[in-house]
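Hi,

Here is the structure I said I would pass on. Have a look at it first, and then read on for what turned up in it.

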Amino acid sequence: MRRTAVPAALLIVAVGLAAGCGSGGGAARKTDSARGPIKVWLSNNKEEVTWGKAMVAAWNNQHADQQVTAEEIPAGKTSEEVIGAAISAGNAPCLIFNTAPAAVPQFQKQGGLVALDSFPGGADYIKQRTGQTADQYRSPDGKYYQLPWKSNPVMIFYNKEIFTKAGLDPENPPLATYDQFLAAARRIKSSGAATAAIYPAPTSEFFQSWFDFYPLFAAETGGKQLVSGGKAQFDTAEGQRVAQFWKTVYDEGLAPKEKYNGDSFGEGKSAMAIVGPWAIAAYGDKIKWGAVPVPTSTGKPAGEIKTFSDAKNVAMYSACGNRATAWDVLKFATSKEQDGALLQATGQMPLRAGLVATYPDYFAKNPAYKGFADQAARTVEVPNVPNSIEVWQTFRDAYTGSVIFGKNPAPDALKQSAEKIDKLVGQP
Amino acid sequence: MPATLLPGGPIRATRDRVTALLGRHPVGLALVAPYAAFIALVFAYPFGLSVWMSFHEYFFTAPGAQVDRPFVGLRNYSAVLSDPGVRQAFGNIVVFLLINVPLTVVLALLLATALNRAVRARMFLRVAYYVPYVTASVSVVGVWLFLFSSGGLVNKALGPLAPDPSWLVNEHLAMPVIAVFVAWKQLGFFILLYLAALQNVPRELYESAAMDGASRWDSFRSVTVPAVRPATTLVVILATITGANLFTEPYLLTGGGGPNGASTSPVLLMYQRGVEQGHPDVAAAIGVLLVIGVVLVSLLNRWLLERD
């Protein structure tokens with residue numbers, strides 16, 4: 001017993017000291033006017049890396065004293081997890097060109113982000129470039145901690161060959177109303193043209209609702225966010241209609257309740273998918289595809305339909321020493337020229353007002369992208385609220401339990417999750 | 001009598017005090033110091049910090065960020081215990097352990113006994129059982145998805161007897177499938193433990209049993225099982241600890257703990273609450289409760305298995 005007393009005591013002291021040192025100390029305030037080399041992180045999407053490296057090379061050619069180093073975001077379960085860890089470790093780069101809007105409230109709470117309003121003309125630059133849509137990216141304190149960069153407005157992609165096989169018009173498919181959509185889905189299924197009419201991921205990850213419930217909710221409500229004014233917005237007649245639509249899809253087996261391990265649309269297992277413009281390059285000539293806006297209960301005209309933006313933004317991180325350079329790089333990377341290069345390289349839509357009018361040549365040469373560009377003007381972002389990820393997980397749990405697996409009635413589940421979410425957004 | 005009057009008194013008293021403090025062989029302290037430091041840094045410090053976090057309002061911040069981390073008493077524990085999702089996760093892990101641990105013990109012991117006797121292809125069989133253990137879970141999960149998905153091999157073989165909903169989206173079957181998967185994956189390691197224990201069982205015991213007319217089964221029941229009891233205790237405790245830390249399988253095999261939370265484990269919840277949702281204080285409370293639970297179950301196992 002005595003022999004173990006000393007090491008044990010040392011261990012306890014070490015633990016106590018270490019645990020007591022858990023809180024952070026004072027921080028040196030970084031100056032917003034410092035210039036010099038900076039580091040940026042890019043998404044690991046191949047096309048974005050190509051664009052990012054070209055953008056950085058163009059900047060470096062003109063700024064020998066303020067060189068930029070670009071790296072892909074280090075591997076992790078999710079980019080947000082890696083960025084959160086980098087913020088805590090104090091080694092986040094100056095800019096990350098892949099900041100998810102849903103994660104911004106958490107990064108802000110961590111003290112990891114720089115308000116872009118702190119730079120001269122910062123807020124004006126964002127508003128001028130993005131227009132009215134920029135308001136959705138403002139934090140509850142009224143500041144911009146992210147620059148709205150690019151969106152992937154989601155639409156219904158459909159496989160023309162499967163539609164033809166099911167006896168549906170592949171050029172003007174009847175998918176505008178819920179009734180039309182369900183009738184088409186039943187026909188696809190009963191004809192055996194595809195295993196599934198549509199195949200959203202039926203899994204529990206918090207973000208999956210962005211690709212089933214949320215686009216249809218945005219369309220049905222004319223552009224409401226999941227939460228607005230500190231209150232959940234989905235426990236309403238519109239929210240119930242959307243939930244009931246998806247419940248019918250699952251109850252009738254038009255969408256499977258089990259995750260597909262692969263690309264169900266690309267492999268012809270599913271006739272439809274909810275995707276952004278990235279799908280054009282991904283499916284290209286392999287599939288004869290068409291794209292239509294997401295359905296609404298009454299079949300609103302396409303020009304009125306809103307959808308989920310699936311945006312990725314750029315944020316400046318508080319570990320950045322040379323913030324003046326970072327701000328200049330941010331403006332350079334989101335200039336008209338670089339936005340055009342991004343559009344050309346990736347097919348993703350820069351969050352820029354008047355997109356089609358700004359790049360008429362591109363859309364004339366690539367008409368397939370024009371529908372998505374039109375849709376990009378009518379997008380709805382995830383709400384910028386405290387506990388954003390927990391809000392989405394709460395909603396997803398209620399949705400999978402009631403809509404997908406039918407464990408409890410959808411109206412009850414939506415009501416209960418709305419009450420929980422109201423509490424969550426009221427907490428700091 | 002004053003101590004100073006004894007021959008060698010002060011020196012002996014000092015030596016006694018040093019011995020009392022550092023032991024008879026102080027060099028031993030130097031030898032264990034690296035491992036003690038490793039334990040302190042890698043296990044004790046994080047655990048101590050977790051306990052501290054679980055009693056405070058805590059979230060990860062950038063270096064230098066000025067935030068209050070007030071003491072909140074049992075608030076995090078109260079939040080955790082009143083959360084139906086957490087209670088469901090602990091219930092799920094109990095189901096997992098009730099299936100996984102006995103299955104692991106029985107299969108590992110039977111296979112180790114068979115392997116111990118096998119003459120032909122002994123090495124091949126040992127390697128075959130060990131390969132899943134050293135293979136990354138991610139790749140092995142892919143094979144099980146191929147086997148147990150709706151259109152997978154198992155359902156095709158079962159035909160009309162296939163369960164509906166299918167295995168991985170059936171709230172009654174998802175956790176048992178995971179428990180069987182983990183038992184299969186880790187079997188190689190536990191077989192090795194039993195093989196080592198079997199080497200130490202005196203042959204005379206089997207010969208005596210045979211002389212008394214014991215069958216193979218009698219011999220297994222009356223000689224092998226009692227003789228490897230210390231190994232069984234180790235297997236049960238290790239299987240309980242590793243099982244309680246279940247994460248990868250519900251994360252990958254059932255799409256984040258589905259269906260409808262039926263395969264969510266406490267560690268998966270800790271990841272969601274602590275890392276994804278930014279509430280490490282709540283995650284720490286779940287972790288501390290899990291540690292307490294595992295320690296209690298391990299002590300119970302030990303008491304049950306080692307009593308005479």
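Before anything else, a word on the annotation I lean on below: UniProt positions are quoted in the numbering used here, feature names are shortened, and an annotation may be inferred rather than shown by experiment. Please also keep in mind that this is a predicted model.

With that said, the UniProt entry, which is unreviewed, lists "transmembrane region" for chain B at residues 27-47, 93-115, 127-153, 173-196 and 282-305. I checked two of those spans against the model. Residues 93-115 of chain B come out as 100% helix and 0% strand, with 31 Å between the end C-alpha atoms. Residues 127-153 of chain B are 78% helix and 0% strand, and there the end C-alpha atoms are 25 Å apart.

Staying with chain B for a moment: the chain has 14 helices and 0 strands, so reading along the sequence you just get α-α-α-α-α-α-α-α-α-α-α-α-α-α. What about the overall shape, compact globule or more spread out? Chain B has a radius of gyration of 26 Å, well over the 19 Å that the globule rule gives for 308 residues, so the chain is more spread out than a compact globule. Along the principal axes, the C-alpha atoms of chain B fill a box of roughly 95 × 70 × 30 Å. Of the 308 residues in chain B, 34% are buried. If you take the contacts in chain B with a separation of 6 or more, 69% of them are between residues 24 or more positions apart.

One spot in chain B to click on is Pro163(B), in the loop between helix H7 (153-158) and helix H8 (174-199). Buried or exposed? Neither, quite: a residue needs 20 or more other C-beta atoms within 10 Å to count as buried, and 12 or fewer to count as exposed. Pro163(B) has 15 within 10 Å, so it is partly exposed. Apart from neighbours within four places in sequence, Pro163(B) is in contact with Asn170(B) and Leu173(B). The second of these, Leu173(B), is 10 residues from Pro163(B) in sequence, and their C-alpha atoms are 8.9 Å apart.

Now chain A. The secondary structure here is mixed, with 17 helices and 14 strands. Chain A has a radius of gyration of 24 Å, which agrees with the value near 22 Å for a compact globule of 428 residues. The C-alpha box for chain A, again along the principal axes, is roughly 75 × 65 × 40 Å. Buried residues account for 50% of the 428 in chain A. Among contacts in chain A between residues at least 6 apart in sequence, 76% join residues at least 24 apart.

The domain assignment splits chain A into domain 1 (38-145 + 312-350) and domain 2 (155-309 + 384-426). Their C-alpha centres are 30 Å apart. Domain 1 of chain A puts 13 residues into the contact and domain 2 of chain A puts in 10. On the domain 1 side, helix H4 (residues 104-109) of chain A gives the most, with 3 residues. That side has 8 nonpolar, 4 polar and 1 charged residues.

Next, the cores. The largest nonpolar core has 129 residues, and Leu95(A), Phe157(A), Ala197(A), Ile198(A), Ala271(A), Met316(A) and Tyr317(A) have the most contacts inside it. Helix H16 (residues 388-404) of chain A gives the most to this core, 8 residues. Where does the core sit relative to the two domains? Domain 1 and domain 2 of chain A both give residues to this core, so it lies between them. For a closer look, try Ala271(A): leaving aside neighbours within four places in sequence, its contacts include Tyr158(A), Ile162(A), Phe163(A), Ala197(A) and Ile198(A). There is also a second, separate core of 57 residues, which includes Ile93(B), Leu109(B), Val140(B) and Leu268(B).

Last, the place where the chains meet. Here 41 residues of chain B are in contact with 46 residues of chain A. On chain B, helix H1 (9-22), helix H2 (27-54) and helix H13 (266-276) each supply at least two residues of the side that touches chain A. The largest share comes from H2(B), with 9 residues. By class, that side of chain B has 23 nonpolar, 16 polar and 2 charged residues.

Cheers

Key:
Residues are numbered from 1 along each chain as its sequence is written. Chains are lettered from A and ligands numbered from 1 in the order in which they are written. This is a predicted model: local features need pLDDT of at least 70, side-chain atom pairs count only at pLDDT 80 or more; totals for chains, interfaces and linings use all residues. Two residues are in contact if their C-beta atoms, placed from the backbone, lie within 7 Å. Helices (H or I, at least four residues) and strands (E, at least two) are DSSP runs, numbered from the N terminus. Ala, Val, Leu, Ile, Met, Phe, Trp, Tyr, Cys and Pro count as nonpolar, Asp, Glu, Lys and Arg as charged, and the others, Gly among them, as polar. Domain bounds come from an automatic or database domain assignment. The radius of gyration is taken over C-alpha atoms; the globule rule is 2.2 Å times the number of residues to the power 0.38. A nonpolar core is a set of buried Ala, Val, Leu, Ile, Met, Phe, Trp, Tyr and Cys residues joined through C-beta atoms within 7 Å.
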